[in-house]
Structures are given as C-alpha cells and as structure tokens.
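Colleague: I would like to go through this model feature by feature. Please start with a single residue and work outward.

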Amino acid sequence: MNNLIYLFNFMGLPRVSALILAVLLIENRELSLNDLVSKTGYAKSHLSTAMKTLIAYGLIEYRNHGRRILYRVNKDGLINLLKNHIRSYKILLENASRYMNDHDLKRIVENLNSKLTLFLNETGG
C-alpha cells in the first residue's frame, strides 16, 4: 500500500487523499465512511474533507445505499490523472533533452520520450 500512497503523493495528492485512494484500490469494492475510518485510522471529519476533494477531482465516486454512502474509485478519473502526469513528464523530458550535450544521455532520454509518446497514442491519451 505504501507504494500506492507514494505514487499518489508524487502526483500531488495530500497524504490522506492518497491513503483513501490506495485503500479503495486495494479493497477493490465500495466502502463506507466507517469502513474507511477503520482501515485508515483517521477521523470521519478528516476523511470527509479529503473525500470531497477526491470527488471534485473525479478520482472517486459515491452512491447512496440506504442510509449509508458507499465510495469507490472512479477508474476513468484515475487513468486521466496518470495520463496527465505522463504527459507532463514527457514535456519535461522533451525540454530537458534540448539542453543535453552528452549524446548517450540525450539518446536515452529521447528513447524514453518516444516510448511515452507511443504509450499515450496507444491508450488514447
């Protein structure tokens, strides 16, 4: 789980939001706020605030189930977040390679950049 949390932190999500997303991904099922409290150790109020942000970013979605609200990962939102970060990384590589004088390093960076381009093209991104 720590690797997922680290990845989501790297992509700019605060720790609590990253933890919620990681728990939902690992559980691979809908969870209530009480479930998330028991799995994360955070208070409802703290989780609720982070979840509103995740909903606003389109990373999780929810549905009413009786008196409870159930949360799950929005796969499309998560895929978009990942692709956006790959696009940003690709742009940074393109810009950095322009200033590289070491031809071996420049070739490696350009090769990585072309693989990222291929990946984005194949996945519709």
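Modeller: This is a predicted model. Take L92 to begin with: its relative accessibility is 58%, so L92 counts as exposed, the cut-off being over 50%.

Colleague: In which element does L92 lie?

Modeller: L92 is part of helix α5. For a sense of its place, the C-alpha atoms of L92 and M11 are separated by 15 Å, with these positions 81 residues apart along the chain.

Colleague: And N74, is that residue buried or exposed?

Modeller: Buried means under 20% relative accessible area. N74 has 18%, so N74 counts as buried. N74 sits in the loop between β3 (68–73) and α5 (75–97). Setting aside residues up to four places away in sequence, N74 touches G58, L59, I60 and E61.

Colleague: Which residues have the most contacts inside the largest nonpolar core?

Modeller: They are F8, I20, L21, L24 and L36, in a core of 24 residues. Two or more residues each come from α1 (2–10), α2 (15–27), α4 (44–56), β3 and α5. The most come from α2, which gives 8 residues.

Colleague: What is F8 in contact with, leaving aside neighbours within four places in sequence?

Modeller: F8 contacts L13, A18, L21, A22, L25 and L78.

Colleague: Now the sheet. In what order do the strands stand?

Modeller: The order is β1-β3-β2, in an open sheet of 3 strands with antiparallel pairing. β1 (31–32) and β2 (60–65) are the edge strands, each pairing on one side only. Between β2 and β3 the antiparallel pairing covers 6 bridges. As one position to look at, N64 stands opposite I69 in β3.

Colleague: At about what angle to β2 does α4 run?

Modeller: At about 110°, with α4 lying across β2 and β3.

Colleague: How many helices and strands are in the chain, and in what pattern?

Modeller: The chain has 6 helices and 3 strands. Along the sequence they follow the pattern α-α-β-α-α-β-β-α-α.

Colleague: What is the radius of gyration of the chain, set against a compact globule of 125 residues?

Modeller: The chain has 18 Å, whereas such a globule would have a value near 14 Å. The C-alpha atoms fill a box of roughly 60 × 25 × 20 Å along the principal axes. Of the 125 residues, 31% count as buried. The accessible surface comes to about 8200 Å², and carbon and sulfur atoms account for 53% of this area.

Colleague: What share of the contacts with a separation of 6 or more is made by residues 24 or more positions apart?

Modeller: That share is 42% in this chain.

Methods. Residues are numbered from 1 along each chain as its sequence is written. This is a predicted model: local features need pLDDT of at least 70, side-chain atom pairs count only at pLDDT 80 or more; totals for chains, interfaces and linings use all residues. Side-chain values use heavy atoms; hydrogens and water are left out. Helices (H or I, at least four residues) and strands (E, at least two) are DSSP runs, numbered from the N terminus. Buried means under 20% relative accessible area, exposed over 50%, partly exposed in between (1.4 Å probe, protein chains only). Contact means heavy atoms within 4.5 Å. A nonpolar core is a set of buried Ala, Val, Leu, Ile, Met, Phe, Trp, Tyr and Cys residues joined through side-chain atoms within 4.5 Å. Two strands pair if DSSP finds at least two bridges between them. Axes are lines fitted to C-alpha atoms, for helices over the stretch in contact, and angles run from 0 to 180 degrees between N-to-C directions. The radius of gyration is taken over C-alpha atoms; the globule rule is 2.2 Å times the number of residues to the power 0.38. Accessible areas come from the Shrake-Rupley method with a 1.4 Å probe; for residues, only the protein chains shown count as cover.
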